[in-house]
Amino acid sequence: MSDIEIIQEKCVGCELCVLACPFAAITIVENLAIIDYDRCTLCGACVSSCNFEAIVLRKEKKEEISPETYKGVWVFAEQKKGKIQSVTYELLGEGKKLADTLQVELSAILLGYQMEQEAQNLIKRGADKVYLVDSPFLKDYLDEPYAVIVTDLIQGYKPEIFLCGATVIGRSLIPKVAVKLKTGLTADCTGLAIEEERRLLLQTRPAFGGNIMATIICSNHRPQMATVRHKVMKEAPLNPEHEGEIIRKEFSQTKFVSRTKLLDIVEEITSTVNLAEADIIVSGGRGLKAPENFKLIEELAKVLKGAVGASRAAVDAGWIPYSHQVGQTGKTVCPKLYIACGISGAIQHLVGMQSSECIVAINKDQNAPIFKVATFGIVGDLFEVVPALTKKFSELLK
Amino acid sequence: MQIIVCIKQVPDTTEVKIDPKTNTLVREGVPSIINPFDMYAIEEGLRLREKVGGKVTVLSMGPLQVVDSLKEAISMGVDSAVLLSDRAFAGADTLATSYTLSVGIRKIGQFDLIICGKQAIDGDTAQVGPGIAELLDIPQVAFVKKIEEITEKSARVQRMTEEGYEVIETPLPALFTVVKEINEPRLPSLKGKIRAKNYQPQIWASKDLEVETKRIGLDGSPTQVIKVFTPPPKMGGEILKGETTEIVEKVASALRERQIV
Ligand SMILES: Cc1cc2nc3c(=O)[nH]c(=O)nc-3n(C[C@H](O)[C@H](O)[C@H](O)COP(=O)(O)OP(=O)(O)OC[C@H]3O[C@@H](n4cnc5c(N)ncnc54)[C@H](O)[C@@H]3O)c2cc1C
Ligand SMILES: Nc1ncnc2c1ncn2[C@@H]1O[C@H](COP(=O)(O)O)[C@@H](O)[C@H]1O
């Protein structure tokens, strides 16, 4: 069993480890660091912080795989209703950088029905190879056949890195695949990089409700798998000249079996576009005071051709359905422009929107925390400012 | 119907603060709570029991202090609670956690439905539920927002998607992960609180379970955290005050310039 220990003779009680520990598991008692084993998760953050080599993390030797037998970067091409989802192009954009650093090919795998044309589009977005599994049984996403086929392909071709969007589909599918392959999976990454020496994927993601960031590696297992947050990475540019190969893969009927049955697909977000996909979002909070005032938000959103978001306070008050909620318990969004109207900026709201490219906040309280993340903070009454913005933009965008 | 609800004890991330001097997480005095999403899982278990009869068991893996959270679940009306607790489980990533919980579930024995929260608010991974389903080889539906119909043999549920929802039918036993929209968790009852006071959950250590030691805790975890840091505080941008027309003019042209609108 692995374990961690403080070497008492070396510890000087300097507190560096106390600061480094993300789990508040270390205290200094009489000039010695003491680990609270109930809190410690053996993450090792303290080990690297210690200047005196006073902390040792003993790890059981793991079974070594041979990483060099795994090569290439793969992305899972998500499709809905036969259309590649934009998150896939973001994965190709990021995957390309990783593949170039590693000097390997970038491939996409695509499951669906009658997807030949879309497979070509993946090549135009930089895929060197597209593994295409085309079957009426795969027309819509189903956990079981998708997981079986993706696992089969990975076992056959052994990519070293596998990326997937941190979407509803991605977050249902990839944990199953990772378990089948008994490899590591890092969820919802917002940063990826390569440590070239060991060809390791450095996967950075927020944790603790966005309060901290963690960089995670998977050194002894392959592939290194990650789901990547939508709208964080740049889309791969369209290059009609780029050439690649489509490799069709056939599978026997037994692989298409699904115990669950998809009976219906219902689209609900009617008034405006899908929040996660929207380039512009106008959100309202408790500052709106009453449900009918959401009209102001809708009008501005309409002029900007954006979507309508909301804080939890507005949702809980019953002013707008939950599907519009942005934040920790709602949706994570990353539009080009996020306009927050009458939202204070509680941490649970911020984690859902703070990676937006440009944030405009309107709040009458100049100390509201939303201003800490705002690109443009407007201190003022939203009942004046929002209609004025609507008017201005409707003139500008006529 | 035998229902198992997996719950995790997490630090209340809403209470987590960053020490402005050291730029590190202050966890002193941060209360531990049941993962909010798991509250919906408990509530749904209780509602199903009220509808079709049966028993609800909560299961958790973590240090002994998790007993408090299990008691809270008991006070809400859950029938029994099991804690998997051992130093050997420490340092588990989602693979090792899913494995350990799946072995715990096998030991509990009979079940028709397993309910997990959509994700835990400390790690936000949403991986453990699907991981358990895979290890137990049962069907899963992730992100369930409504159970439309349920019998001893099958269920029809709504699964939340980016655009709306899907209606999915699954045979039981199965595993669901649930989202906030599914219900409103109840408060503990007085009767429940009294029962919780003297209730002692089952506690199983590694030796009580048929676990392969290579697959638990840090040793069973392929992923490894190598660095933890606080995100650089976002630069507050420009603060605009004064005449509305002027401000609006300024913002509009700035957005235009940046080609955002
Ligand atoms: C576990 C947990 C999860 C949560 N998840 C989420 C989540 O996913 N999303 C989320 O949003 N919240 C979430 N919350 C809630 C969060 O903590 C806040 O309570 C919530 O975001 C507050 O919403 P608000 O900003 O609209 O309301 P308030 O905090 O009440 O802010 C209203 C703001 O409007 C301003 N205002 C009032 N009148 C005017 C006016 N006329 N003109 C301009 N400004 C005005 C006020 O100055 C104030 O700043 C969560 C909380 C918990 C505990
Ligand atoms: N240590 C644990 N004990 C019990 N259940 C857990 C544990 N970790 C995760 N879960 C369950 O898995 C869900 C998803 O957690 P996560 O994958 O960590 O985001 C949670 O909502 C719980 O239902």
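A polar contact here is a pair of N or O atoms within 3.5 Å; within protein, one must be able to donate a hydrogen and the other to accept it, and residues adjacent in sequence count only if both atoms are side-chain atoms. By that rule, an oxygen atom of ligand 2 sits 2.9 Å from a polar backbone atom of B:Val128.

This is a predicted model, in which local features need pLDDT of at least 70 and side-chain atom pairs count only at pLDDT 80 or more, while totals for chains, interfaces and linings use all residues. Residues are numbered from 1 along each chain as its sequence is written, chains are lettered from A and ligands numbered from 1 in the order in which they are written, and side-chain values use heavy atoms, with hydrogens and water left out.

**Ligand sites**

A residue is near a ligand if one of its heavy atoms lies within 4 Å of it. Ligand 2 has 18 residues around it. Nearest are B:Cys6, B:Asp38, B:Ala120, B:Thr125 and B:Ala126. Ligand 1 has 28 residues around it. Here A:Ser311, A:Thr329, A:Ser344, A:Gln348 and A:Asn363 come nearest. Which chains surround ligand 1? Chains A and B both supply residues, so the site is shared between chains.

The table lists polar contacts of both ligands.

| Ligand atom | Protein partner | Distance |
|---|---|---|
| Ligand 1, oxygen | A:Arg312, backbone N or O | 2.9 Å |
| Ligand 1, nitrogen | A:Asp381, side-chain N or O | 2.8 Å |
| Ligand 1, nitrogen | A:Leu382, backbone N or O | 2.8 Å |
| Ligand 2, nitrogen | B:Ile7, polar backbone atom | 3.4 Å |
| Ligand 2, oxygen | B:Asn35, polar side-chain atom | 3.2 Å |

**Helix packing**

Two packed helices are described by the angle between their axes and the distance between the axes. Axes are lines fitted to C-alpha atoms, for helices over the stretch in contact, and angles run from 0 to 180 degrees between N-to-C directions. Helices (H or I, at least four residues) and strands (E, at least two) are DSSP runs, numbered from the N terminus.

Helix H10 (residues 382-396) of chain A packs against helix H6 (residues 244-257) of chain B. The angle is about 45° and the axes are 10 Å apart. That makes H10(A) oblique to H6(B). Angles under 35 degrees count as roughly parallel, over 145 as roughly antiparallel, 65 to 115 as roughly perpendicular and the rest as oblique. The crossing of H10(A) and H6(B) is right-handed. A crossing is left-handed if the near helix is turned anticlockwise from the far one by less than a right angle, and right-handed if clockwise.

Contact means heavy atoms within 4.5 Å. On the H10(A) side, the residues meeting H6(B) include A:Glu384, A:Ala388, A:Lys392 and A:Leu396. Their counterparts in H6(B) include B:Val248, B:Glu249, B:Ala252 and B:Arg256. By class, the contact of H10(A) with H6(B) has 8 nonpolar, 1 polar and 4 charged residues. Ala, Val, Leu, Ile, Met, Phe, Trp, Tyr, Cys and Pro count as nonpolar, Asp, Glu, Lys and Arg as charged, and the others, Gly among them, as polar.

H10(A) also packs with helix H7 (residues 294-303) of chain A. Their angle is about 20°, with axes 9 Å apart. H7(A) and H10(A) are therefore roughly parallel to each other. The crossing is left-handed. H7(A) contributes A:Leu296, A:Glu299, A:Leu300 and A:Val303. Among the H10(A) residues in this contact are A:Leu382, A:Phe383 and A:Val386. The contact of H7(A) with H10(A) divides into 9 nonpolar, 2 polar and 1 charged.

In chain B, helix H3 (residues 94-108) crosses helix H4 (residues 128-136) at roughly 55°, and their axes come within 8 Å. H3(B) and H4(B) are therefore oblique to each other. Their crossing is right-handed. B:Val128 of H4(B) takes part in this contact. So do B:Gly131 and B:Ile132 of H4(B), with B:Tyr99 and B:Leu101 among the H3(B) residues. The split for H3(B) with H4(B) is 7 nonpolar, 5 polar and 1 charged.

**Backbone features**

A cis peptide bond joins A:Arg222 and A:Pro223, with omega about -10°. A:Pro223 sits in the loop between strands E14 (212-217) and E15 (224-228) of chain A. Another cis peptide bond joins B:Leu172 and B:Pro173, with omega about 0°. B:Pro173 is in the loop between strands E11 (164-171) and E12 (174-178) of chain B. A:Asn31 is not glycine, yet its phi is positive, near 65°. A:Asn31 lies in the loop between strands E2 (26-29) and E3 (32-35) of chain A.
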